[in-house]
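Open the model in your viewer and keep the sequence panel beside it. This tour goes from stop to stop, with something to select at each one.

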Amino acid sequence: MNLSTIGVIGAGTMGNGIAQICAVAGLQVTMVDVSDATVARGLSTIAGSLDRLVKKGKLNAADRDAALARIRTATEYVQLVPADLVIEAATENLEIKRSILQRTDEMLRPGSILATNTSSISITTLAAAIAHPERFIGMHFFNPVPLMPLVELIPGLRTGEATRARAAEFIGALGKTAITVKNAPGFAVNRILCPMINEAIFALQDGVASAADIDAGMKLGCNHPIGPLALADLIGLDTLLSIMEVFQRDFGDPKYRPAPLLRELVAAGRLGRKSGQGFFSYR
Ligand SMILES: NC(=O)c1ccc[n+]([C@@H]2O[C@H](COP(=O)([O-])OP(=O)(O)OC[C@H]3O[C@@H](n4cnc5c(N)ncnc54)[C@H](O)[C@@H]3O)[C@@H](O)[C@H]2O)c1
């Protein structure tokens, strides 16, 4: 592995998944979040996920214990200094990401790579916040990270080719497939996927069918493995809303306006699986 010490910023849905696969691959991981409670929650999600893999016979107990032992948690960014690669997977918000990337870029060693797992924010825009844009790249994992084989690599205008090549080698060594995608809102997959999910929410809001029937329709009629509303719950409705807002602003096209029902559910704190309730209940 060309990059062996990994920092992950954000211990939520994506951050803890990324930390998990890196640790299982034998890498040293430091996972940073804003509080002891959020890093503890992320670590307990990883422990639960590894336990499930052991129960399914996909991982042995010794490898689970070794993977967990390779993950350190922290609330201080200074713990990221030794990292060869830092992957930012914090809340989908431009100002939060700008400030995290600026602070991290300042402290990383020369030769380290800084990546963001953003779903929709321009890599070139984020790169403008840091002093070393040549070592910065979009590294977009899919949810759930341990199961989904794809990673989109998104070089910004000033990303170096060496950074892209090292990132691609890293993704390959994790056993995932990288595709290189142009820096455009939503990159390739979310540009297609998120408007489809948003349309499913409009259909629900318009009373076209029930949530269960909309999902059954897309599974049985289009051979999708999961319905769009269940997928929205998995992604997180707040994250989906942020993505649609970026699309609406950056494309300047009203066809990307978020469904009002999506806004309402987010305002009510119904964020999907992570809050126990979204279009469906997980309690
Ligand atoms: N959820 C998905 O399906 C999905 C898929 C691909 C990419 N993404 C992207 O991954 C990123 C994270 O999304 P998520 O779904 O894991 O969100 P999440 O809400 O589950 O977790 C975000 C985490 O970031 C932490 N955080 C916020 N500010 C921070 C800071 N300053 N320093 C450290 N940690 C901070 C929060 O406390 C939280 O634990 C977003 O950019 C999102 O667009 C999400």
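Two strands pair if DSSP finds at least two bridges between them. Keep that in mind for Leu-114, whose bridge partner in β6 is Phe-136. The model on screen is predicted.

**Stop 1: strand β6**

Select residues 136-141, which form β6. Then add strand β5, residues 113-116. β5 and β6 pair in the parallel sense, over three bridges. Highlight Leu-114 and Phe-136 to see one partnership between them.

Now add strand β7, residues 150-155. Which way do β6 and β7 run relative to each other, parallel or antiparallel? They run antiparallel, joined by five bridges. Pick Met-139 in β6. Opposite Met-139 stands Leu-153 in β7.

Turn on the side chains of β6. Phe-136, Gly-138 and His-140 point one way. Ile-137, Met-139 and Phe-141 point the other way. How many of the six residues of β6 are buried? Six of the six are buried, on both sides of the strand.

**Stop 2: the loop after β6**

Move on to Pro-144, in the loop between β6 and β7. Look at the peptide bond that reaches Pro-144 from Asn-143. This bond is cis, with omega near 0°. Most peptide bonds are trans.

**Stop 3: the ligand**

Select the ligand, then the residues around it. There are 24 of them. Which come nearest? They are Asp-33, Tyr-77, Glu-92, Lys-97 and Ser-119.

Colour the shell by residue class. Ten of its residues are nonpolar, ten are polar and four are charged. Next, colour by element of structure. α1 (13-24), α4 (94-107) and β6 each supply at least two residues of the shell. α4 gives the most, with three residues.

Zoom in on the oxygen atoms of the ligand. Check three distances:

- Asp-33: an N or O atom of its side chain is 2.6 Å from a ligand oxygen.
- Glu-92: a polar side-chain atom lies 2.5 Å from a ligand oxygen.
- Thr-91: here a backbone N or O atom lies 3.4 Å from a ligand oxygen.

How much of the ligand does the protein bury? Taken alone, the ligand exposes 830 Å², and the protein buries 87% of that.

**Stop 4: Ile-243**

Select helix α10, residues 237-251, and find Ile-243 in it. Is Ile-243 buried or exposed? Buried means under 20% relative accessible area. Ile-243 has 1% relative accessibility, so it counts as buried.

Show what surrounds Ile-243. Beyond its neighbours within four places in sequence, Ile-243 is in contact with Glu-92, Ser-119, Ser-120, Asn-190 and Cys-194. Two of these names, Glu-92 and Ser-119, also appear among the residues nearest the ligand.

For a sense of scale, select Ala-66 as well. Ala-66 and Ile-243 are 177 residues apart along the chain. Their C-alpha atoms are separated by 36 Å.

**Stop 5: Asn-190**

Step from Ile-243 to its contact Asn-190. Asn-190 is in helix α7. With 6% relative accessibility, Asn-190 counts as buried. Leaving aside neighbours within four places in sequence, Asn-190 is in contact with Ser-119, His-140, Pro-195, Ile-243 and Phe-247. His-140 takes you back to β6.

**Stop 6: two positive phi angles**

Most residues other than glycine have a negative phi. The next two selections go the other way.

Select Phe-187, in the loop between β8 (177-180) and α7 (189-205). Its phi is near 55°. Phe-187 counts as buried, at 3% relative accessibility.

Then select Asn-223, in the loop between α8 (211-222) and α9 (228-235). Asn-223 has a positive phi of about 65°. Is Asn-223 buried or exposed? At 70% relative accessibility, Asn-223 counts as exposed.

**Stop 7: strands β1 and β2**

Finish at strand β1, residues 5-9. β1 is mostly covered: four of its five residues are buried. Add strand β2, residues 28-32. β1 and β2 run parallel and are joined by five bridges. Select Ile-9 last, and look for its bridge partner in β2, Val-32.

Key. Residues numbered from 1 in each chain as written. Predicted model: local features only at pLDDT ≥ 70, side-chain atom pairs only at ≥ 80, totals over all residues. Heavy atoms only, no water. Near = heavy atom within 4 Å. Polar contact = N/O pair within 3.5 Å; in protein donor to acceptor, adjacent residues only side chain to side chain. Areas by Shrake-Rupley, 256 points an atom, 1.4 Å probe, with all protein chains shown as cover. Nonpolar A, V, L, I, M, F, W, Y, C, P; charged D, E, K, R; others polar. Buried < 20%, exposed > 50% of the residue type's maximum accessible area, 1.4 Å probe, protein only. Contact = heavy atoms within 4.5 Å.
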